[in-house]
Amino acid sequence: AALYFQYGRYLLISSSRPGTKPANLQGIWNEEMNPKWDSKYTVNINLQMNYWAAEVANLADCAGPLIDMMCEITEPGAYTAKHSYGARGWVLHQNTDLWWATAPMDGTQWGTFSTGGAWLCTHLWQHHLYDPADKEYLERIYPVIKGAALFFVDTLVEHPTAGVLVTCPATSPENVPTRPGNREIHDEIMGGRITPNICAGPTMDSQILRDLFSYVIDASEQLDTDEPLRRQLVEMRGRLAPTKIGRFGQLQEWFDDWDNPDDEHRHFSHLYGMYPSSQITLEATPVLAEAAKTAVASRGDFGTGFSMSWKMNLWARLRDGERAHKLFRNLIDKNTCVNLFSRCFTTPQVEGAFGGCAGIAEMLMQSHAGEIQLLPALPKAWPNGRVRGLRARGGFELDIQWKDGKLVTATIRSASGGPCKVRYGGKKIQRNIEPGGAITLGTDW
């Protein structure tokens, strides 16, 4: 696990240095003229997963190329928004390349995913959350996240029966309402019309936009700007389609209850709300968390490299260290190449390794719910250990040591200072850290 974690950091250092382009599907290691998926930037999971570990694994500088890309892609994205949709702002669909293409590509089943750019705005905001004192950075990214939100202000439509706001046409990335060949259920769902996976209001889109609108609302308040837009986004956020629970207790993937309990598809985009987002947590939304657990359990413990890495992070968020570790072992045993790249089907790619690196960090420390959780998903296979230099949201850095499965010490540092909430097991404390100071917690805290 220690080797795999450091290997993930090595891959990001190697393929995403400041001043270069972001890490793509094969990083800088593609050697083919016509590689699978053109070795591009697939933005319905793969590019995002490449950067899941950047902040927590103390490689914030390596996020620079992705941040630069986001600032640059708004220009072609604005052209696509205007000429394809008649909308303001900017948009990025399912895929892009070195020239920052933003229009739909690869066919309607994939190309109608219009929230790829909005999802990537999550990374811009997370970079801010890990260093909230950097107001110059917030001013830099504000036009980017604002433009992403404006596109959906102009393109969201009202659902004809539910009255909520949804994306349409849309898709839940790469999945269809039922498993291939299940024609009876498929016909029932689609009213006898055999169509691709085009739909209105997939769960992931509403979750992504709920986050995006919140970012713009928060940033506009901090920067004291765009009050009319802020009020509009607050109203629209309240009208977004809710995350719903379906007939077998699962978190629904689509607006309608189309999920199949036997579906083991590699994508499970509706669980974005639990990870990488924090809309669904065990404390704040226990009912939705239980439905998310049902959904991820129904997808099984195997899949492509990125699929198993994502499941690993989801089980860590559910604080099930044994299941997270099982996914980590399956990732190593079933879908990792001899050089520790992961596989997407038979193709060596890098995103699964990045996702596994992030998953290890998530098992040892979490900071998404307004507090730092120590050893939230520690498996029995790691009874003794230590980690140094993990970063937590709020501008904190941690060293943690444990023995026999229990915390020994945790040192938390803060450059800018401020209140720090910490949870370990059933205990919670809040301490104030002076700028440039630190606190150390032991077994008696």
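This briefing covers a sheet, two pockets, a buried lysine and some backbone exceptions. The model is predicted. Four strands form an open antiparallel sheet in the order 11-12-13-16. The largest pocket holds about 370 Å³ of space, and strand 11 gives the most to its lining. Lys-311 is buried, at 0% relative accessible area. Two peptide bonds deserve a look: Cys-168 to Pro-169 is cis, and so is Tyr-275 to Pro-276.

**The sheet: order and edges**

- The strand order is 11-12-13-16, and the sheet is open.
- Strand 11 (385-392) and strand 16 (437-441) are the edge strands.
- Each of these two has a single partner strand, so one side of each lacks a neighbour in the sheet.
- From one strand to the next, the twist averages 15°.

**The sheet: pairing and hairpins**

- Strand 11 and strand 12 run antiparallel and are joined by seven bridges.
- Within that pair, Arg-388 has Asp-399 of strand 12 as its bridge partner.
- The hairpin of strand 11 and strand 12 has three residues between the strands. Gly-394 in this hairpin takes a positive phi near 100°.
- Strand 12 and strand 13 are also antiparallel, with eight bridges between them.
- Phe-396 stands opposite Ser-414 in strand 13.
- The hairpin of strand 12 and strand 13 has two residues between the strands. Asp-404 takes a positive phi near 55° there.
- Strand 13 (residues 406-414) pairs with strand 16 in the antiparallel sense, over five bridges.
- Arg-413 stands opposite Ala-438 in strand 16.

**Strand 12: two faces**

- Strand 12 spans residues 396-403 and has one covered face and one uncovered face.
- Phe-396, Leu-398, Ile-400 and Trp-402 make up the covered face.
- Glu-397, Asp-399, Gln-401 and Lys-403 make up the uncovered face.
- Two of the bridge partners named above sit in this pattern: Phe-396 is on the covered face and Asp-399 is on the uncovered one.

**Largest pocket**

- Its space is about 370 Å³.
- The lining of the largest pocket has 19 residues. Closest to the centre are Ala-2, Phe-5, Leu-364, Arg-386 and Val-387.
- Helix 1 (2-15), helix 13 (351-364) and strand 11 each supply at least two lining residues.
- Strand 11 gives the most, with six residues. This is also an edge strand of the sheet.
- By residue class, the lining divides into 11 nonpolar, five polar and three charged.

**Second largest pocket**

- About 320 Å³ of space lies in this pocket.
- It is lined by 19 residues. Trp-125, Gln-126, Leu-129, Tyr-215 and Ser-278 lie nearest its centre.
- Helix 5 (116-130) and helix 8 (203-223) each supply at least two residues of this lining.
- The lining of the second largest pocket has five nonpolar, 11 polar and three charged residues.

**Lys-311: a buried lysine**

- Lys-311 is found in helix 11 (residues 305-317).
- Its relative accessible area is 0%, so Lys-311 counts as buried, the cut-off being under 20%.
- Beyond its neighbours within four places in sequence, Lys-311 is in contact with Phe-268, Val-296, Arg-299, Gly-300, Asp-301, Phe-302 and Leu-327.
- Asp-301, one of these contacts, is 10 residues away along the chain. The C-alpha atoms of Lys-311 and Asp-301 are separated by 7.7 Å.

**Backbone exceptions**

- Most residues other than glycine have a negative phi, and most peptide bonds are trans.
- The peptide bond from Cys-168 to Pro-169 is cis, with omega near 0°. Pro-169 is in the loop between strand 4 (165-166) and strand 5 (170-171).
- The peptide bond from Tyr-275 to Pro-276 is cis, with omega near 15°. Pro-276 is in the loop between helix 9 (227-239) and helix 10 (286-298).
- Asp-38 is not a glycine, yet its phi is positive, near 60°. Its place is the loop between helix 1 and strand 1 (41-42). Asp-38 counts as partly exposed, at 48% relative accessibility.
- Leu-340 also has a positive phi, of about 75°. Leu-340 is found in the loop between helix 12 (321-334) and strand 7 (342-344). At 21% relative accessibility, Leu-340 is partly exposed.

Conventions:
Residues numbered from 1 in each chain as written. Predicted model: local features only at pLDDT ≥ 70, side-chain atom pairs only at ≥ 80, totals over all residues. Heavy atoms only, no water. Pairing = 2+ DSSP bridges. Axes fitted to C-alpha atoms, helices over the stretch in contact; angles between N-to-C directions. 1 Å grid on protein atoms, 1.4 Å probe; cavity = no way out; pocket = protein on both sides within 12 Å on 5 of 7 lines; lining within 4 Å. Points joined across faces, edges and corners; volume = space filled by probe spheres on them. Nonpolar A, V, L, I, M, F, W, Y, C, P; charged D, E, K, R; others polar. Buried < 20%, exposed > 50% of the residue type's maximum accessible area, 1.4 Å probe, protein only. Contact = heavy atoms within 4.5 Å.
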